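Hi,

Here is the structure I promised to pass on. Have a look at it first, then read my notes below.

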Amino acid sequence: MIFAIRTETKKGWRLLSIPFIFSLLLLAAPLTMMFLLSFWTQDYLVLDKTFTLNNYIEAATQPVYQLLFQRSLIISLTVTFFTVLLAYPMAYFISFHGGERKALWLFLITIPFWTSYLLRMFLWKVILGYNGVFNSLLLWLEMITEPVTFILYNANAVVIALTHGWAPFAILPIFVSLEKIDRSLLEASRDLGDGPFHQFFRVILPLSAPGVVGAALIIFIPTVGDYITPKLVGGTDGLMIANMIQVQFSKANNAPLAAALSASSLMIVAFISIVFVLFNKKYLRRY
Amino acid sequence: MTRSSKYLKFFAFTYLIFLYAPALLLPIFSFNSSQIIAFPLTGFTFHWFETLLHQSTLHEALRNSLIVAVSSSVLATILGILASRSATRYDFTGKQISLTFILAPLVLPEIIVGVALLIVLMQLGLSLNLWSVVLGHTLLIMPFSILIMNSAFNNLDISLEEASMDLGENQFGTFYRIILPLVFPGIMASLLIGFTLSLDEFIIAFFLTGTDTTLPVYIWAQFRFPKKLPTTMALGTLLLVTSFILLSLSEYFRRRAVNSRSSVL
């Protein structure tokens, strides 16, 4: 028996070792290197390898970095909130009223996201611009007399574009968790006197919490580090931390600070995600 | 139909319009004759598509992108086959944690992955070229390959494998003649998805390409020239159609992978 377990481990690892080593080399090693570098300093091309926390102190105290971290988090949390809020009724509609056409609905939702992310975010710039599609359409229809300007080159535009860009990543996990709900539980709650309102808040919503929590994390974590969207539609008021990381890397030629900013964002995101999961633990434990 | 479900349906259709708005603009404005992307439309033209034919930098970028997309999807699929074969067939200590680690790029912000890879390449003094992009893309695509291959391998009946061994095939022969043909649709799905992801990927390519640009990096550069907008829209339309075809194919293969078991027995 022990022998059998051993060979199983051996066989399993023999196959898994190659992809695992690949990930060690291309993910673990680079991330470790990034953390190391964040404790060093760079003066033009010379790298000073004495340990220092200066990069982190700079990242934490300089108003410009504080502002960017804050803005990135606020934008990302707002996007997460609105995407989940919009996705939930959609997922609910498909799961409870989709009937025979559930697969078709899911297919319809994913099609627009087969355009590249880059082009989709660029199209939002085209849509929201001063002479853009949205304004020109409203002018043409004579619904406005002057182009509206509050929707491009600021944080609003970033939120709109990202809320669109990440929609399927919220709809799909919420849909899956709604599908898993045992429909007899709904009958039971109705038989026991729950109206639609109570039924939703006391039965359906808590039972679909794993999907909501999953969706929120899937959207929150990558959007904090989004580079493309703020650069294209954010203007100067909508720039986020990823844009600064890129600037520190290229123009400012300060790789250690870029590494410290990256490491800090990673730690902040991890911290918020863990707190969020712990906060929702009572809904997740049953699974 | 109750009132609340009517509201829901109305919401679902409105939301669907919001989801489709950007993608629909691509084809509309790539055939519109005006150089400015705005309503009302001015007339129908193929001109923007024609200009695509005469841009040698674009052709170069396309060639680079194809090299990267083919190499990284093949590499990622091979690694994905190894990982998910191991994960679905054997039970062993450390499996879950190492798989979670391999799947991590699915949720990591891409900029972090890009920065970390760039730092290593810089520290090692390696020059940036298409191969650094291939490695970066392979890392990003591998998790998708694993998830696709997992569902393909999960549908395999272990008794087919045992039968083959009983009939005298060795392990390699069994894998080559029994398992591989059965998971072939999964492999095709993984290759196609990987190809499409790599073709569209921007951040890693932006950080890791030296002088050889890929298609998205080329498109990014075009955004700076308002005059070239309609041409970029035309290029986007072609990319949209390509992605649509590739992903439909991959969906077809993925469904076959899921159904393969029932067709064998």
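**Where the two chains cross**

Start with a crossing between the chains: helix 3 of chain A and helix 1 of chain B cross in a left-handed way. Left-handed is the word if the near helix is turned anticlockwise from the far one by less than a right angle, and right-handed if clockwise. Helices (H or I, at least four residues) and strands (E, at least two) are DSSP runs, numbered from the N terminus.

Before going on, a word on the source: this is a predicted model, where local features need pLDDT of at least 70, side-chain atom pairs count only at pLDDT 80 or more, and totals for chains, interfaces and linings use all residues. Residues are numbered from 1 along each chain as its sequence is written, while chains are lettered from A and ligands numbered from 1 in the order in which they are written.

Back to that pair. Helix 3 of chain A covers residues 63-97 and helix 1 of chain B residues 3-30; their axes come within 9 Å and cross at roughly 120°. (Axes are lines fitted to C-alpha atoms, for helices over the stretch in contact, and angles run from 0 to 180 degrees between N-to-C directions.) So helix 3 of chain A is oblique to helix 1 of chain B. For the wording, under 35 degrees is roughly parallel, over 145 roughly antiparallel, 65 to 115 roughly perpendicular, and the rest oblique.

Which residues meet there? From helix 3 of chain A they are Leu86(A), Pro89(A), Met90(A), Phe93(A) and His97(A), and from helix 1 of chain B they include Leu8(B), Phe11(B) and Tyr15(B). Contact means that the C-beta atoms of two residues, placed from the backbone, lie within 7 Å. The residues of this contact split into 8 nonpolar, 2 polar and 1 charged. Here Ala, Val, Leu, Ile, Met, Phe, Trp, Tyr, Cys and Pro count as nonpolar, Asp, Glu, Lys and Arg as charged, and the others, Gly among them, as polar.

**The whole interface**

Across the two chains, 64 residues of chain A are in contact with 63 of chain B. Helix 1 of chain A gives the largest share of chain A's side, 20 residues. That side has 49 nonpolar, 12 polar and 3 charged residues.

**Inside chain A**

Chain A has 15 helices and 2 strands. Its radius of gyration is 24 Å, well over the 19 Å that the globule rule gives for 287 residues, so chain A is more spread out than a compact globule. (The radius is taken over C-alpha atoms, and the rule is 2.2 Å times the number of residues to the power 0.38.) Of its 287 residues, 42% are buried, meaning that 20 or more other C-beta atoms lie within 10 Å of a residue's own (exposed is 12 or fewer, partly exposed in between; C-beta atoms are placed from the backbone).

Helix 8 (residues 167-179) and helix 11 of chain A pack at about 165°, axes 8 Å apart, so these two helices of chain A are roughly antiparallel. Their crossing is right-handed. Among the residues that meet are Phe169(A) and Ile174(A) from helix 8 and Val212(A) and Ile218(A) from helix 11. This contact holds 11 nonpolar, 3 polar and no charged residues.

**And chain B**

Chain B has 11 helices and 0 strands. Buried residues make up 45% of its 265 residues, and its C-alpha atoms fill a box of roughly 70 × 65 × 35 Å along the principal axes.

Cheers
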